[in-house]
Amino acid sequence: MTAVTAAPPARAVRPRHLAGTGTLLRLALRRDRMMIPAWVLALGLSVAGMGASFEAVYDTAAQRAGLAASMNHNGSMRALYGPVFSDSVGGLVAWRMAGFGAVLAAVMSLLIVVRHTREEEETGRQELLSAAVVGRRAPLTAALLTALLANALLAALIAGGSALSGRPAAGSLALGLALGGTGTLFAALAAVAAQLTESARLAKGLTGAVLGLAFAVRAAGDAATDGAGSPLTWASPVGWSENLRPYAGERWWVLLLFLAATALAALAAYALTARRDLGMSFLPARPGPAVAPRSLSGPLGLAWRLQRTTLLGWTAGFLGVGALFGGIAKGAADLVGDNQQTREIVERMGGQQGLAEAFLATMTGLLGMVAALYAAGAVLRLRGEETGERAEPVLAGAVSRLRWAGSHLALAYGGTVVILASGGLALGLTYGLSVDDPGGQLGPVLTAALSQVPAVWTLTGLAVLVYGLFPKATPAVWALVGGCLALGWLGPSLKFPAWAMNLSPYSHLPKLPGADATAAPFLWLLTLAVLFAAVGLVGVRRRDIG
(Lines give C-alpha, C1' and ligand atoms only; values in the text may rest on other atoms or scores of the structure.)
Protein backbone atom coordinates (compact mmCIF):
# COMPACT_ATOMS: atom_id res chain seq x y z
CA MET A 1 0.00 0.00 0.00
CA THR A 2 1.07 3.57 -0.58
CA ALA A 3 2.40 5.21 2.53
CA VAL A 4 0.95 8.67 3.20
CA THR A 5 2.86 11.35 5.01
CA ALA A 6 1.43 14.19 7.01
CA ALA A 7 3.12 16.95 5.00
CA PRO A 8 0.42 19.26 3.63
CA PRO A 9 1.06 19.85 -0.09
CA ALA A 10 -0.82 23.13 -0.23
CA ARG A 11 1.78 25.01 1.80
CA ALA A 12 4.63 26.81 0.18
CA VAL A 13 7.78 24.78 -0.38
CA ARG A 14 10.15 25.49 2.48
CA PRO A 15 13.83 26.10 1.78
CA ARG A 16 14.83 22.99 3.71
CA HIS A 17 12.79 20.87 1.32
CA LEU A 18 15.07 22.06 -1.49
CA ALA A 19 18.36 21.58 0.36
CA GLY A 20 20.98 19.99 -1.87
CA THR A 21 19.23 20.88 -5.13
CA GLY A 22 22.32 22.55 -6.56
CA THR A 23 24.52 19.56 -5.76
CA LEU A 24 22.03 17.14 -7.30
CA LEU A 25 21.72 19.36 -10.37
CA ARG A 26 25.48 19.34 -10.89
CA LEU A 27 25.50 15.56 -10.44
CA ALA A 28 22.71 15.14 -12.99
CA LEU A 29 24.46 17.36 -15.51
CA ARG A 30 27.66 15.42 -15.02
CA ARG A 31 25.92 12.09 -15.55
CA ASP A 32 24.15 13.43 -18.65
CA ARG A 33 27.18 15.20 -20.08
CA MET A 34 27.09 12.88 -23.09
CA MET A 35 23.37 12.23 -23.48
CA ILE A 36 22.09 15.81 -23.41
CA PRO A 37 24.62 17.22 -25.94
CA ALA A 38 23.96 14.25 -28.23
CA TRP A 39 20.19 14.82 -28.19
CA VAL A 40 20.46 18.60 -28.54
CA LEU A 41 22.98 18.47 -31.38
CA ALA A 42 21.06 15.74 -33.21
CA LEU A 43 17.81 17.70 -33.12
CA GLY A 44 19.50 21.01 -33.89
CA LEU A 45 21.41 19.58 -36.84
CA SER A 46 18.24 17.90 -38.11
CA VAL A 47 16.53 21.29 -38.28
CA ALA A 48 19.57 22.80 -40.02
CA GLY A 49 19.80 19.89 -42.44
CA MET A 50 16.09 20.14 -43.23
CA GLY A 51 16.49 23.81 -44.08
CA ALA A 52 19.46 23.11 -46.36
CA SER A 53 17.51 20.32 -48.05
CA PHE A 54 14.51 22.53 -48.82
CA GLU A 55 16.76 25.30 -50.13
CA ALA A 56 18.47 22.85 -52.47
CA VAL A 57 15.39 20.98 -53.67
CA TYR A 58 12.78 23.75 -53.82
CA ASP A 59 14.89 26.70 -54.90
CA THR A 60 12.05 28.78 -56.39
CA ALA A 61 8.96 30.29 -54.80
CA ALA A 62 6.74 28.52 -57.33
CA GLN A 63 8.08 25.10 -56.40
CA ARG A 64 7.62 25.79 -52.70
CA ALA A 65 4.08 27.03 -53.27
CA GLY A 66 3.27 23.90 -55.25
CA LEU A 67 4.62 21.69 -52.49
CA ALA A 68 2.62 23.53 -49.83
CA ALA A 69 -0.58 23.26 -51.86
CA SER A 70 -0.12 19.54 -52.51
CA MET A 71 0.58 18.87 -48.83
CA ASN A 72 -2.43 20.82 -47.62
CA HIS A 73 -4.75 18.98 -50.01
CA ASN A 74 -3.62 15.54 -48.87
CA GLY A 75 -5.29 14.42 -45.65
CA SER A 76 -2.79 11.63 -45.05
CA MET A 77 0.17 13.99 -45.32
CA ARG A 78 -1.54 16.48 -42.99
CA ALA A 79 -2.02 13.67 -40.50
CA LEU A 80 1.66 12.79 -40.74
CA TYR A 81 3.24 16.27 -40.70
CA GLY A 82 0.44 18.79 -40.19
CA PRO A 83 -0.59 21.62 -42.54
CA VAL A 84 1.80 24.04 -44.22
CA PHE A 85 1.21 27.61 -43.02
CA SER A 86 3.88 29.29 -45.13
CA ASP A 87 5.61 28.30 -48.36
CA SER A 88 8.87 30.00 -47.36
CA VAL A 89 11.89 27.83 -46.55
CA GLY A 90 11.38 28.54 -42.86
CA GLY A 91 7.70 27.67 -43.10
CA LEU A 92 8.51 24.33 -44.74
CA VAL A 93 11.10 23.56 -42.05
CA ALA A 94 8.50 24.33 -39.37
CA TRP A 95 6.01 22.10 -41.17
CA ARG A 96 8.39 19.15 -41.14
CA MET A 97 9.88 19.66 -37.66
CA ALA A 98 7.22 21.31 -35.46
CA GLY A 99 5.48 17.97 -34.95
CA PHE A 100 8.23 15.36 -35.15
CA GLY A 101 10.81 17.60 -33.53
CA ALA A 102 8.45 18.25 -30.64
CA VAL A 103 7.96 14.52 -30.17
CA LEU A 104 11.71 13.92 -30.09
CA ALA A 105 12.21 16.77 -27.61
CA ALA A 106 9.52 15.18 -25.42
CA VAL A 107 11.29 11.81 -25.56
CA MET A 108 14.58 13.44 -24.52
CA SER A 109 12.88 15.17 -21.61
CA LEU A 110 11.02 12.18 -20.26
CA LEU A 111 14.20 10.10 -20.32
CA ILE A 112 16.06 12.78 -18.35
CA VAL A 113 13.39 13.22 -15.67
CA VAL A 114 12.67 9.53 -15.13
CA ARG A 115 16.38 8.78 -14.96
CA HIS A 116 16.96 11.23 -12.12
CA THR A 117 13.77 10.48 -10.16
CA ARG A 118 12.15 7.08 -10.28
CA GLU A 119 15.22 5.27 -11.59
CA GLU A 120 17.29 6.65 -8.70
CA GLU A 121 14.70 5.38 -6.23
CA GLU A 122 14.40 2.03 -7.96
CA THR A 123 18.14 1.38 -7.77
CA GLY A 124 18.40 2.55 -4.14
CA ARG A 125 20.79 5.39 -4.88
CA GLN A 126 18.28 8.02 -3.87
CA GLU A 127 17.95 6.49 -0.42
CA LEU A 128 21.69 6.88 0.10
CA LEU A 129 21.59 10.49 -1.07
CA SER A 130 18.58 11.27 1.10
CA ALA A 131 20.51 10.13 4.17
CA ALA A 132 22.63 13.27 3.71
CA VAL A 133 21.43 16.88 3.76
CA VAL A 134 19.02 16.52 0.85
CA GLY A 135 15.55 18.03 0.94
CA ARG A 136 12.44 16.03 0.13
CA ARG A 137 11.77 17.89 -3.11
CA ALA A 138 15.38 18.41 -4.14
CA PRO A 139 15.66 15.32 -6.44
CA LEU A 140 12.50 16.25 -8.34
CA THR A 141 13.59 19.87 -8.63
CA ALA A 142 17.05 18.92 -9.87
CA ALA A 143 15.55 16.57 -12.49
CA LEU A 144 13.15 19.22 -13.77
CA LEU A 145 15.91 21.84 -13.89
CA THR A 146 18.12 19.44 -15.86
CA ALA A 147 15.35 18.90 -18.41
CA LEU A 148 14.67 22.65 -18.51
CA LEU A 149 18.32 23.39 -19.25
CA ALA A 150 18.40 20.76 -22.00
CA ASN A 151 15.31 22.21 -23.66
CA ALA A 152 16.63 25.75 -23.29
CA LEU A 153 19.83 24.70 -25.06
CA LEU A 154 17.77 23.04 -27.78
CA ALA A 155 15.61 26.13 -28.28
CA ALA A 156 18.66 28.39 -28.37
CA LEU A 157 20.49 26.18 -30.88
CA ILE A 158 17.50 25.98 -33.21
CA ALA A 159 16.69 29.68 -32.95
CA GLY A 160 20.30 30.80 -33.36
CA GLY A 161 21.13 28.35 -36.13
CA SER A 162 18.02 29.18 -38.13
CA ALA A 163 18.54 32.92 -37.73
CA LEU A 164 22.18 32.65 -38.82
CA SER A 165 21.00 30.73 -41.90
CA GLY A 166 19.14 33.82 -43.02
CA ARG A 167 15.63 32.97 -41.87
CA PRO A 168 13.55 35.53 -39.92
CA ALA A 169 14.60 35.81 -36.27
CA ALA A 170 11.03 35.84 -34.95
CA GLY A 171 10.12 32.61 -36.73
CA SER A 172 13.41 31.00 -35.69
CA LEU A 173 12.75 31.85 -32.05
CA ALA A 174 9.18 30.58 -32.31
CA LEU A 175 10.33 27.25 -33.76
CA GLY A 176 12.93 26.82 -31.03
CA LEU A 177 10.41 27.66 -28.30
CA ALA A 178 7.83 25.31 -29.83
CA LEU A 179 10.17 22.34 -29.54
CA GLY A 180 11.64 23.41 -26.20
CA GLY A 181 8.20 24.16 -24.76
CA THR A 182 6.86 20.73 -25.72
CA GLY A 183 9.91 19.06 -24.21
CA THR A 184 9.54 20.99 -20.95
CA LEU A 185 5.85 20.12 -20.69
CA PHE A 186 6.54 16.42 -21.08
CA ALA A 187 9.34 16.67 -18.55
CA ALA A 188 6.71 17.79 -16.04
CA LEU A 189 4.33 15.02 -17.15
CA ALA A 190 7.15 12.50 -16.71
CA ALA A 191 7.63 13.83 -13.19
CA VAL A 192 3.98 13.04 -12.47
CA ALA A 193 4.35 9.55 -13.94
CA ALA A 194 7.44 8.98 -11.77
CA GLN A 195 5.29 9.58 -8.68
CA LEU A 196 2.47 7.32 -9.85
CA THR A 197 4.46 4.24 -10.84
CA GLU A 198 6.96 2.17 -8.92
CA SER A 199 9.43 1.44 -11.73
CA ALA A 200 11.31 3.56 -14.23
CA ARG A 201 10.15 1.34 -17.07
CA LEU A 202 6.49 1.93 -16.23
CA ALA A 203 7.07 5.67 -15.81
CA LYS A 204 8.64 5.87 -19.26
CA GLY A 205 5.90 3.71 -20.74
CA LEU A 206 3.12 5.80 -19.20
CA THR A 207 4.63 9.09 -20.38
CA GLY A 208 5.34 7.59 -23.78
CA ALA A 209 1.72 6.46 -24.04
CA VAL A 210 0.55 10.01 -23.28
CA LEU A 211 2.94 11.30 -25.96
CA GLY A 212 1.68 8.76 -28.48
CA LEU A 213 -1.91 9.71 -27.69
CA ALA A 214 -1.08 13.40 -28.12
CA PHE A 215 0.44 12.72 -31.54
CA ALA A 216 -2.53 10.57 -32.60
CA VAL A 217 -5.06 13.19 -31.48
CA ARG A 218 -3.14 15.87 -33.36
CA ALA A 219 -3.00 13.67 -36.47
CA ALA A 220 -6.73 13.02 -36.35
CA GLY A 221 -7.45 16.72 -36.02
CA ASP A 222 -5.15 17.73 -38.88
CA ALA A 223 -6.49 14.99 -41.13
CA ALA A 224 -10.03 16.34 -40.61
CA THR A 225 -9.25 20.02 -41.30
CA ASP A 226 -6.61 21.81 -43.36
CA GLY A 227 -5.87 24.75 -41.05
CA ALA A 228 -4.95 23.09 -37.73
CA GLY A 229 -8.14 24.58 -36.28
CA SER A 230 -9.74 21.31 -35.23
CA PRO A 231 -10.59 20.95 -31.51
CA LEU A 232 -8.59 17.74 -31.57
CA THR A 233 -5.50 19.61 -32.73
CA TRP A 234 -5.91 22.15 -29.94
CA ALA A 235 -6.38 19.32 -27.43
CA SER A 236 -2.83 18.07 -28.09
CA PRO A 237 0.43 19.70 -26.95
CA VAL A 238 1.94 18.55 -30.25
CA GLY A 239 -0.81 20.54 -31.95
CA TRP A 240 0.14 23.60 -29.90
CA SER A 241 3.65 23.35 -31.32
CA GLU A 242 2.43 23.67 -34.89
CA ASN A 243 -0.24 26.27 -33.99
CA LEU A 244 2.50 28.57 -32.70
CA ARG A 245 3.01 29.02 -36.47
CA PRO A 246 6.71 29.82 -36.83
CA TYR A 247 7.46 31.92 -39.93
CA ALA A 248 3.72 32.34 -40.58
CA GLY A 249 2.52 35.17 -38.33
CA GLU A 250 3.65 33.80 -34.99
CA ARG A 251 0.98 33.27 -32.33
CA TRP A 252 3.03 34.07 -29.26
CA TRP A 253 0.07 33.62 -26.94
CA VAL A 254 0.19 29.86 -27.59
CA LEU A 255 3.28 29.82 -25.36
CA LEU A 256 0.92 30.58 -22.46
CA LEU A 257 -0.68 27.17 -23.02
CA PHE A 258 2.71 25.49 -22.61
CA LEU A 259 3.46 27.59 -19.54
CA ALA A 260 0.12 26.89 -17.85
CA ALA A 261 0.13 23.16 -18.60
CA THR A 262 3.75 22.78 -17.47
CA ALA A 263 3.05 24.65 -14.23
CA LEU A 264 -0.01 22.51 -13.46
CA ALA A 265 1.87 19.26 -14.15
CA ALA A 266 4.84 20.38 -12.04
CA LEU A 267 2.58 21.38 -9.14
CA ALA A 268 0.86 18.01 -9.36
CA ALA A 269 4.22 16.24 -9.24
CA TYR A 270 5.27 18.24 -6.15
CA ALA A 271 1.95 17.52 -4.46
CA LEU A 272 2.27 13.80 -5.14
CA THR A 273 5.87 13.57 -3.96
CA ALA A 274 4.83 15.15 -0.65
CA ARG A 275 2.24 12.40 -0.08
CA ARG A 276 4.35 9.30 -0.57
CA ASP A 277 7.36 7.68 1.03
CA LEU A 278 10.64 7.19 -0.79
CA GLY A 279 10.46 4.18 -3.07
CA MET A 280 6.67 3.93 -2.89
CA SER A 281 4.13 4.85 -5.57
CA PHE A 282 0.45 5.55 -6.03
CA LEU A 283 0.05 2.77 -8.60
CA PRO A 284 1.93 -0.14 -7.04
CA ALA A 285 2.40 -3.30 -9.08
CA ARG A 286 -0.13 -6.02 -8.55
CA PRO A 287 1.08 -8.93 -6.45
CA GLY A 288 1.89 -11.96 -8.54
CA PRO A 289 0.34 -15.40 -8.13
CA ALA A 290 1.37 -17.53 -5.18
CA VAL A 291 2.92 -20.09 -7.53
CA ALA A 292 5.01 -19.04 -10.51
CA PRO A 293 3.96 -20.41 -13.92
CA ARG A 294 6.10 -23.04 -15.59
CA SER A 295 7.24 -20.45 -18.14
CA LEU A 296 9.30 -18.73 -15.41
CA SER A 297 11.25 -21.87 -14.63
CA GLY A 298 13.92 -20.90 -17.17
CA PRO A 299 15.77 -17.77 -18.27
CA LEU A 300 13.90 -17.54 -21.58
CA GLY A 301 10.56 -17.31 -19.79
CA LEU A 302 11.95 -14.64 -17.48
CA ALA A 303 13.33 -12.65 -20.42
CA TRP A 304 9.97 -12.85 -22.16
CA ARG A 305 8.21 -11.69 -18.99
CA LEU A 306 10.57 -8.70 -18.74
CA GLN A 307 10.45 -7.67 -22.40
CA ARG A 308 7.02 -8.72 -23.66
CA THR A 309 5.34 -5.36 -23.01
CA THR A 310 8.04 -3.53 -24.96
CA LEU A 311 7.80 -5.96 -27.87
CA LEU A 312 4.01 -5.76 -28.02
CA GLY A 313 4.16 -1.95 -27.91
CA TRP A 314 6.67 -1.80 -30.77
CA THR A 315 4.59 -4.27 -32.79
CA ALA A 316 1.46 -2.16 -32.37
CA GLY A 317 3.39 0.97 -33.29
CA PHE A 318 4.79 -0.57 -36.47
CA LEU A 319 1.32 -1.74 -37.47
CA GLY A 320 0.01 1.82 -37.15
CA VAL A 321 2.95 3.44 -38.92
CA GLY A 322 2.88 0.87 -41.71
CA ALA A 323 -0.82 1.47 -42.28
CA LEU A 324 -0.25 5.23 -42.40
CA PHE A 325 2.64 5.01 -44.87
CA GLY A 326 0.73 2.55 -47.04
CA GLY A 327 -2.20 4.92 -47.24
CA ILE A 328 -0.11 7.76 -48.67
CA ALA A 329 2.12 5.72 -50.99
CA LYS A 330 -0.32 5.85 -53.88
CA GLY A 331 -0.07 9.63 -54.09
CA ALA A 332 3.74 9.72 -54.01
CA ALA A 333 4.04 10.56 -57.71
CA ASP A 334 1.46 13.35 -57.49
CA LEU A 335 3.19 14.87 -54.47
CA VAL A 336 6.56 14.92 -56.23
CA GLY A 337 5.10 16.20 -59.47
CA ASP A 338 7.63 17.46 -61.99
CA ASN A 339 10.29 18.41 -59.43
CA GLN A 340 13.33 16.54 -60.68
CA GLN A 341 15.40 17.22 -57.55
CA THR A 342 12.76 15.73 -55.28
CA ARG A 343 12.48 12.73 -57.56
CA GLU A 344 16.25 12.26 -57.35
CA ILE A 345 16.16 12.34 -53.54
CA VAL A 346 13.39 9.73 -53.41
CA GLU A 347 15.30 7.58 -55.88
CA ARG A 348 18.53 7.91 -53.87
CA MET A 349 16.61 6.71 -50.80
CA GLY A 350 14.42 4.13 -52.53
CA GLY A 351 16.04 3.15 -55.82
CA GLN A 352 15.66 3.82 -59.52
CA GLN A 353 12.47 1.80 -60.04
CA GLY A 354 9.02 3.38 -60.37
CA LEU A 355 8.35 6.30 -58.04
CA ALA A 356 5.67 4.48 -56.04
CA GLU A 357 8.00 1.51 -55.54
CA ALA A 358 10.85 3.85 -54.62
CA PHE A 359 8.59 5.46 -52.02
CA LEU A 360 7.69 2.04 -50.60
CA ALA A 361 11.38 1.10 -50.52
CA THR A 362 12.10 4.34 -48.65
CA MET A 363 9.39 3.56 -46.10
CA THR A 364 10.59 -0.01 -45.53
CA GLY A 365 14.11 1.35 -45.12
CA LEU A 366 12.90 3.78 -42.46
CA LEU A 367 11.08 0.95 -40.68
CA GLY A 368 14.32 -1.02 -40.69
CA MET A 369 16.33 1.86 -39.25
CA VAL A 370 13.80 2.50 -36.48
CA ALA A 371 13.67 -1.23 -35.68
CA ALA A 372 17.32 -0.99 -34.65
CA LEU A 373 16.20 1.15 -31.70
CA TYR A 374 14.10 -1.74 -30.40
CA ALA A 375 16.93 -4.22 -30.92
CA ALA A 376 19.45 -2.00 -29.13
CA GLY A 377 17.10 -1.54 -26.19
CA ALA A 378 16.49 -5.29 -25.94
CA VAL A 379 20.23 -5.99 -25.87
CA LEU A 380 20.97 -3.27 -23.34
CA ARG A 381 18.32 -4.72 -21.05
CA LEU A 382 21.12 -7.15 -20.14
CA ARG A 383 23.15 -4.22 -18.83
CA GLY A 384 20.15 -3.00 -16.84
CA GLU A 385 19.69 -6.41 -15.23
CA GLU A 386 23.40 -6.50 -14.45
CA THR A 387 23.73 -3.04 -12.90
CA GLY A 388 20.43 -3.48 -11.06
CA GLU A 389 21.93 -6.58 -9.38
CA ARG A 390 19.09 -8.75 -10.69
CA ALA A 391 21.36 -10.86 -12.87
CA GLU A 392 23.42 -12.27 -9.99
CA PRO A 393 20.55 -14.22 -8.34
CA VAL A 394 19.75 -15.79 -11.72
CA LEU A 395 23.35 -16.70 -12.42
CA ALA A 396 23.79 -18.06 -8.90
CA GLY A 397 21.54 -20.98 -9.88
CA ALA A 398 21.99 -23.57 -12.58
CA VAL A 399 22.00 -20.97 -15.36
CA SER A 400 25.09 -20.24 -17.41
CA ARG A 401 25.98 -16.76 -18.56
CA LEU A 402 25.52 -17.69 -22.20
CA ARG A 403 22.09 -19.15 -21.54
CA TRP A 404 21.05 -16.06 -19.59
CA ALA A 405 22.34 -13.65 -22.24
CA GLY A 406 21.03 -15.79 -25.07
CA SER A 407 17.49 -15.63 -23.67
CA HIS A 408 17.41 -11.84 -23.95
CA LEU A 409 19.16 -11.91 -27.33
CA ALA A 410 16.55 -14.32 -28.65
CA LEU A 411 13.96 -11.61 -28.03
CA ALA A 412 16.23 -8.95 -29.54
CA TYR A 413 16.76 -10.88 -32.76
CA GLY A 414 13.36 -12.56 -32.94
CA GLY A 415 11.52 -9.39 -31.92
CA THR A 416 13.14 -7.55 -34.83
CA VAL A 417 11.57 -10.01 -37.26
CA VAL A 418 8.18 -9.68 -35.57
CA ILE A 419 7.99 -5.89 -35.63
CA LEU A 420 9.33 -5.60 -39.19
CA ALA A 421 6.85 -8.22 -40.35
CA SER A 422 4.02 -6.31 -38.69
CA GLY A 423 5.11 -3.05 -40.31
CA GLY A 424 5.54 -4.67 -43.72
CA LEU A 425 2.20 -6.44 -43.44
CA ALA A 426 0.33 -3.22 -42.66
CA LEU A 427 2.26 -1.24 -45.29
CA GLY A 428 1.67 -3.79 -48.06
CA LEU A 429 -1.96 -4.40 -47.18
CA THR A 430 -3.01 -0.74 -47.03
CA TYR A 431 -1.09 0.13 -50.18
CA GLY A 432 -2.56 -2.87 -51.97
CA LEU A 433 -6.09 -1.85 -50.94
CA SER A 434 -5.47 1.70 -52.19
CA VAL A 435 -4.52 0.41 -55.66
CA ASP A 436 -7.10 -2.44 -55.64
CA ASP A 437 -4.39 -5.10 -55.66
CA PRO A 438 -3.86 -6.30 -52.06
CA GLY A 439 -2.82 -9.80 -53.11
CA GLY A 440 -0.23 -8.60 -55.60
CA GLN A 441 1.34 -5.95 -53.35
CA LEU A 442 1.38 -7.64 -49.95
CA GLY A 443 4.07 -10.20 -50.76
CA PRO A 444 6.67 -7.86 -52.31
CA VAL A 445 6.26 -5.18 -49.63
CA LEU A 446 6.42 -7.70 -46.80
CA THR A 447 9.56 -9.19 -48.36
CA ALA A 448 11.05 -5.69 -48.63
CA ALA A 449 10.42 -5.05 -44.93
CA LEU A 450 11.97 -8.36 -43.91
CA SER A 451 14.97 -7.68 -46.14
CA GLN A 452 16.01 -5.06 -43.56
CA VAL A 453 16.59 -7.79 -40.95
CA PRO A 454 20.29 -8.45 -41.79
CA ALA A 455 21.16 -4.76 -41.36
CA VAL A 456 19.28 -4.55 -38.06
CA TRP A 457 20.95 -7.75 -36.87
CA THR A 458 24.35 -6.29 -37.76
CA LEU A 459 23.72 -3.36 -35.43
CA THR A 460 22.29 -5.78 -32.86
CA GLY A 461 25.48 -7.81 -33.00
CA LEU A 462 27.51 -4.63 -32.63
CA ALA A 463 25.49 -3.80 -29.50
CA VAL A 464 26.26 -7.27 -28.11
CA LEU A 465 29.95 -6.73 -28.83
CA VAL A 466 30.01 -3.40 -26.98
CA TYR A 467 28.09 -4.86 -24.04
CA GLY A 468 30.32 -7.90 -23.80
CA LEU A 469 33.70 -6.19 -24.16
CA PHE A 470 33.06 -2.62 -23.01
CA PRO A 471 30.04 -2.70 -20.66
CA LYS A 472 30.61 0.82 -19.35
CA ALA A 473 30.48 2.14 -22.90
CA THR A 474 27.00 0.76 -23.65
CA PRO A 475 25.50 4.30 -24.05
CA ALA A 476 27.63 4.54 -27.19
CA VAL A 477 25.32 1.96 -28.78
CA TRP A 478 22.62 4.62 -29.03
CA ALA A 479 25.08 6.92 -30.78
CA LEU A 480 25.87 4.19 -33.33
CA VAL A 481 22.21 3.53 -34.03
CA GLY A 482 21.44 7.24 -34.15
CA GLY A 483 24.28 7.77 -36.59
CA CYS A 484 22.81 5.21 -38.97
CA LEU A 485 19.41 6.88 -38.64
CA ALA A 486 20.95 10.26 -39.47
CA LEU A 487 22.77 8.85 -42.49
CA GLY A 488 19.59 7.28 -43.83
CA TRP A 489 17.36 10.28 -43.08
CA LEU A 490 19.60 13.19 -44.07
CA GLY A 491 22.26 11.60 -46.27
CA PRO A 492 20.32 11.32 -49.54
CA SER A 493 18.90 14.87 -49.40
CA LEU A 494 22.21 16.44 -48.36
CA LYS A 495 24.22 14.28 -50.80
CA PHE A 496 26.62 12.78 -48.28
CA PRO A 497 29.71 11.20 -49.90
CA ALA A 498 29.60 7.51 -50.72
CA TRP A 499 32.17 6.54 -48.08
CA ALA A 500 29.99 8.13 -45.37
CA MET A 501 26.82 6.39 -46.58
CA ASN A 502 28.67 3.06 -46.73
CA LEU A 503 29.30 3.25 -42.97
CA SER A 504 25.67 2.26 -42.49
CA PRO A 505 24.76 -1.40 -43.10
CA TYR A 506 21.46 -0.29 -44.63
CA SER A 507 23.23 1.31 -47.60
CA HIS A 508 24.45 -2.13 -48.73
CA LEU A 509 20.98 -3.63 -49.07
CA PRO A 510 19.06 -3.65 -52.38
CA LYS A 511 16.19 -1.16 -52.61
CA LEU A 512 13.20 -3.46 -52.43
CA PRO A 513 10.54 -3.74 -53.76
CA GLY A 514 11.44 -3.45 -57.40
CA ALA A 515 15.23 -3.57 -57.45
CA ASP A 516 17.34 -6.55 -58.44
CA ALA A 517 18.55 -8.49 -55.40
CA THR A 518 21.47 -10.85 -54.93
CA ALA A 519 22.34 -12.97 -51.94
CA ALA A 520 25.82 -11.49 -51.39
CA PRO A 521 24.96 -8.39 -49.31
CA PHE A 522 22.58 -10.36 -47.10
CA LEU A 523 25.18 -13.06 -46.46
CA TRP A 524 27.93 -10.55 -45.71
CA LEU A 525 25.77 -8.65 -43.24
CA LEU A 526 24.61 -11.85 -41.55
CA THR A 527 28.21 -12.98 -41.27
CA LEU A 528 29.16 -9.70 -39.62
CA ALA A 529 26.18 -9.99 -37.28
CA VAL A 530 27.24 -13.48 -36.18
CA LEU A 531 30.86 -12.43 -35.76
CA PHE A 532 30.00 -9.37 -33.65
CA ALA A 533 27.61 -11.34 -31.44
CA ALA A 534 30.08 -14.20 -30.97
CA VAL A 535 32.86 -11.85 -29.86
CA GLY A 536 30.48 -10.07 -27.51
CA LEU A 537 29.31 -13.32 -25.93
CA VAL A 538 32.91 -14.37 -25.39
CA GLY A 539 33.35 -11.14 -23.48
CA VAL A 540 30.23 -11.79 -21.41
CA ARG A 541 31.52 -15.24 -20.52
CA ARG A 542 34.99 -14.07 -19.43
CA ARG A 543 34.50 -10.72 -17.72
CA ASP A 544 33.19 -9.98 -14.25
CA ILE A 545 29.46 -9.44 -13.92
CA GLY A 546 28.70 -6.03 -12.48
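**Exercise 1. Which helix gives the largest share of the lining of the largest cavity?**

Before you start, keep in mind that this is a predicted model.

Solution, step by step:

- Start with the count: there are three cavities of 30 Å³ or more.
- Now pick out the largest cavity, with its volume of about 100 Å³.
- Next, list who lines the largest cavity: Leu24, Leu27, Ala28, Arg31, His116, Glu120, Gln126, Leu129, Pro139, Ala142 and Ala143.
- Sort that list by element. Helix H1 (21–31), helix H7 (125–130) and helix H8 (138–164) each give two or more residues to the lining.
- Pick the winner: H1 gives the largest share, with four residues.

**Exercise 2. Sort the lining of the largest cavity into nonpolar, polar and charged residues.**

Solution, step by step:

- Go back to the lining, which includes Leu24, Gln126 and Arg31.
- Put each residue in its class, and you get seven nonpolar, two polar and two charged.

**Exercise 3. Describe the second largest cavity, and find out what is special about the backbone of Arg245.**

Solution, step by step:

- Volume comes in at about 90 Å³ for the second largest cavity.
- Around the second largest cavity you'll find Tyr81, Gly82, Pro83, Phe85, Gly91, Ala94, Trp95, Ala98, Gly99, Glu242, Arg245 and Pro246.
- Helix H5 (residues 89–116) supplies the largest share of this lining, five residues.
- By class, the lining of the second largest cavity splits into seven nonpolar, three polar and two charged residues.
- Now zoom in on Arg245, one of the lining residues. Arg245 sits in the loop between helix H12 (237–243) and helix H13 (254–273).
- Check its backbone: phi of Arg245 is near 55 degrees, a positive value in a residue other than glycine. That's worth a second look, because most residues other than glycine have a negative phi.

**Exercise 4. Work out how H21 and H24 run relative to each other.**

Solution, step by step:

- Find the two helices: H21 covers residues 453–469 and H24 covers residues 519–542.
- Look at the geometry. Their axes lie 7 Å apart, and the packing angle is about 20 degrees.
- An angle under 35 degrees counts as roughly parallel, so H21 is roughly parallel to H24.
- As for handedness, H21 passes H24 in a left-handed crossing.
- Now for the contact itself. Among the H21 residues are Trp457, Leu462 and Tyr467, and on the H24 side you can spot, among them, Phe522, Phe532 and Val540.
- Classify the residues of this contact: 18 are nonpolar, five are polar and no charged ones turn up.

**Exercise 5. Do the same for H14 with H19, then for H19 with H21.**

Solution, step by step:

- Take H14 (residues 299–329) and H19 (residues 401–434) to begin with: they pack at about 20 degrees, with axes 7 Å apart.
- H14 and H19 are therefore roughly parallel to each other, and their crossing is right-handed.
- The contact of H14 with H19 holds 21 nonpolar, twelve polar and one charged residue.
- Now turn to H19 and H21. Their axes come within 10 Å and cross at roughly 155 degrees.
- Over 145 degrees counts as roughly antiparallel, so H19 and H21 are roughly antiparallel to each other.
- H19 passes H21 in a right-handed crossing.
- From H19, the residues in contact include Trp404, Tyr413 and Leu420; from H21, they include Val453, Thr460 and Tyr467.
- Sorting the contact of H19 with H21 gives eleven nonpolar, three polar and no charged residues.

**Exercise 6. Is the peptide bond from Leu512 to Pro513 cis or trans?**

Solution, step by step:

- Locate Pro513: you'll find Pro513 in the loop between helix H23 (498–501) and H24.
- Read off omega for the bond from Leu512 to Pro513, which is near 5 degrees.
- The peptide bond from Leu512 to Pro513 is cis.
- For context, most peptide bonds are trans.

Note on methods. Residues are numbered from 1 along each chain as its sequence is written. This is a predicted model: local features need pLDDT of at least 70, side-chain atom pairs count only at pLDDT 80 or more; totals for chains, interfaces and linings use all residues. Side-chain values use heavy atoms; hydrogens and water are left out. On a 1 Å grid over the protein atoms alone, a cavity is a set of points where a 1.4 Å probe fits but cannot get out, and a pocket is an open set with protein on both sides within 12 Å along at least five of seven lines; lining residues have an atom within 4 Å of a point. Grid points are joined across faces, edges and corners, and a volume is the space filled by probe spheres set on the points. Ala, Val, Leu, Ile, Met, Phe, Trp, Tyr, Cys and Pro count as nonpolar, Asp, Glu, Lys and Arg as charged, and the others, Gly among them, as polar. Axes are lines fitted to C-alpha atoms, for helices over the stretch in contact, and angles run from 0 to 180 degrees between N-to-C directions. Angles under 35 degrees count as roughly parallel, over 145 as roughly antiparallel, 65 to 115 as roughly perpendicular and the rest as oblique. A crossing is left-handed if the near helix is turned anticlockwise from the far one by less than a right angle, and right-handed if clockwise. Contact means heavy atoms within 4.5 Å.
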